[in-house]
Amino acid sequence: MSINLDQAQQTFIVEAREQLQAMEESLLQLETDPGDDDAIGAIFRAAHTIKGSAGLFGLEPIVSFTHIVEDVLDRLRNGSVEVDAGLIAVLLKSSDHMLELINVAANQGGTLPPPALQREVELCQILQEYQAPSPAAAPTPAPETNPSEPGETRLWHISLRFGQDVFRNGMDPLSFLRYLQTLGEIVDIATLTDALPAAEAWDAESCYLGFDIAFRSAASHGAINEVFDFVREDCEIDIVAIDDAAAPQGNTGLVTTSPEPPEENTALVATGELLGDQRKTPRMPAQIATDKQPVTSDSKGKDGTYVRVNADKLDELINLVGELVIASAGASLLARTCHNDPLQEATSSVSGLVEEILDGALRLRMIPIGETFNRFRRVVRDVSQELGKDIDLIISGAETELDKTVVEKIGDPLMHLLRNAMDHGIETAEARLAAGKPAKGHLHLNAYHDSGSIVLEIADDGAGLNRDRILEKAQERGLVPQGASPTDQEIYNLIFEPGFSTAQAVTNLSGRGVGMDVVKRNITLLRGTVDLDSQTGKGTVVRIRLPLTLAIINGFLVGIGQSTYVIPLDMVQECIELSEDDGLASREQGYLDLRGEVLPLVYLRDHFNHEGPPARRQNVVVVRYAELKAGLVVDDLLGEFQTVIKPLGKLFGALRGISGSTILGSGAVALILDVPALLTQIAQAENRFNPTQLQQANAR
Amino acid sequence: MPLHYETTDDTAQVHIDGELTIYTAAELAAQWLPHLGATPRMALDLSQITEMDGAGLQLLLMVQREASRAGTQLSLTGQSKAVTETLALCNLVA
């Protein structure tokens, strides 16, 4: 069939992938709770929808394979097949296979590679065991064990009068008939030509066809009606049950796995799916009305609340909003210098609105991390079976939202960390029992917001890292100077160093380090950080800290001489004044006594080589990032400012301590400080400093 | 040229190559319909049709109707698998 449905087919492919995702989630849900009827219903719906849409696009391989899966699911739904581990496994593999089929369809014209075909055959064989009445199930009454007729069949009269535009809309009436055949048997069909006009008025590209069909099927009115979803606007459809002999009870019982009030259907009509003259409601006793597929109402209702928007458009919008923020900041600044009260008031209310727009626009890009987390359920299940370990994945904070691009890019590093934790972190059941721990290992994925960033935690209750061996290895490789005494934290984080990446020895001794530097690099690219904490025998926690968004930050403006710098506001903890006396003392020591706490100071004036004398009064901005804290010494505090990050050009790529630039309302350029980089620089400087100090001390 | 038309004695031989679908229906109709009624008999060879859809089906139905109106007797000399399948689907085994 060469009907041109490219656009619609793309949508189908995207939706089918989503359906498969949902199916997989429900399967995993079913695995933990085999009695979950909702999950069974959801799985069935997913398979059913995929089959239905694939049929419309003439994607025969998908239809035929999904049909088998659907049959098994149907039997599962009406209770003639029990949920067991084998069934879940084969269904999961089937859903993988369906994904592959869909991917093949997406690369138009491609065919399945031979190994996949081989797998399909194997899967079909396994599925058939569930499909055919097993000897054990023999006592069940015959009509129920016959997979092709799961319920009682009835005769329907379907009358179709296609509209003239059907061909032009890229549809072929015959494909609906073909698809209809998958639901049951076309007993009789009459092709109606009475609508064909006289030869002069006839147009070869208009459709005048009509069909009267006698159709025998166990499918419900809703399911049959669904066949014609794509052509509903162009076609008069009338579906009437002819014989009422079949007991409606049998029928309803089969379909209404998740009973929904009939109002749902009314809601469906209101979404504009139907026109008045298209009689969706069957001329049937009232109870049948309730058996109209809960399926469609579910998914349609969900569709109604979402709008698919191209990500580029969204980026464009956010970029514009960013410019708006800058412009409005400029206007406020001007207004302030005018000393015109009404004008100031006006600009301040505009600024307020702009801020709300900004928040709203940014929120558009925010999606909950949960979807990514849920994907890992399958990974954990598969890997733990592969390794022969019993591992439970606990997910919390799934509703925590972060930027879409960040979510997309964090998937791989997370996957890597999870695999590592399962492979090397969690011990085998025997080892666990020997260590006095429960045989079942636990993996905890958690997400939460913390000081303007999102924190993702991967915690396992495995053996933990071997601190001494890592240190030994690091010294051997010259990553840690001899004689230095790094903290445990620093030692653990050494496994993110490139030198540790592929070292076999590390994998053996601590069970970590495979490609951890890649993980770290990916996270750093997202302006995030990663650190690790471990307790021998208790487990390991990896913490990934990511910015909420990549586009706009709330900044704190500080001035040094004539230059302005922006410090991300989320990292600012407090500001303190540095009096002249204090200034001298702390300048020598390089730190400040902050309420009994040692606060290392960074003199930005020196750091960025500003000329000229420092201001008489200086200020300290206390910044914190992750566990590091420092004071930045600046001349002036200029207040809060919302800024759009403009990335620095390639030329400045090597510049450390600056993460970008922004344009102030006055038109001046301000540099945005890369606080994490600054803090690590300090930490490293200290590390370098310590050993020399030690050596000096030793020399004396 | 998807439609081959030639006349031998009182029979018109119509032979269609390739698709009988929405993409070719209009062109075929323009070539085909005017010939109806020109000869008492028309022999249809549909054995080289690779694909057929609803529009193609409709064209055949149209030809059938117009032919009987114009007094041309249609006969089918060959049909491809695509044609057979489509006709069977619509219960129109000729």
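Here's a short walk through a predicted model, stopping at chain B, its contact with chain A, and one histidine.

**Stop 1: chain B by itself.** Hide everything else and color by secondary structure. You should find 3 helices and 4 strands in chain B. Trace the chain along its sequence and the elements come up in the pattern β-β-α-β-α-β-α. Now color by burial: of the 94 residues in chain B, 37% are buried. If you draw contacts within chain B between residues at least 6 apart in sequence, 83% of them link residues at least 24 apart.

**Stop 2: where chain B touches chain A.** Bring chain A back and select the residues in contact across the two chains. On the chain B side you'll pick up 22 residues, and these meet 21 residues of chain A. Which helices of chain B should you highlight here? Try helix 1 (22-32), helix 2 (54-70) and helix 3 (81-89), each of which supplies at least two residues to the side of chain B that touches chain A. Helix 2 of chain B gives the most, with 9 residues. Recolor that side of chain B by residue class and it splits into 13 nonpolar, 5 polar and 4 charged residues.

**Stop 3: A:His48.** Switch to chain A and select helix 2 (residues 37-56), where A:His48 sits. Show its side chain, since UniProt puts the feature "modified residue: Phosphohistidine" at A:His48, in an unreviewed entry. Is A:His48 buried or exposed? A:His48 counts as buried because it has 22 C-beta neighbours inside 10 Å, and the cut-off for buried is 20 or more.

Terms used. Residues are numbered from 1 along each chain as its sequence is written. Chains are lettered from A and ligands numbered from 1 in the order in which they are written. This is a predicted model: local features need pLDDT of at least 70, side-chain atom pairs count only at pLDDT 80 or more; totals for chains, interfaces and linings use all residues. Two residues are in contact if their C-beta atoms, placed from the backbone, lie within 7 Å. Ala, Val, Leu, Ile, Met, Phe, Trp, Tyr, Cys and Pro count as nonpolar, Asp, Glu, Lys and Arg as charged, and the others, Gly among them, as polar. UniProt positions are given in the numbering used here, feature names are shortened, and annotations may be inferred rather than shown by experiment. A residue is buried if 20 or more other C-beta atoms lie within 10 Å of its own, exposed if 12 or fewer, and partly exposed in between; C-beta atoms are placed from the backbone.
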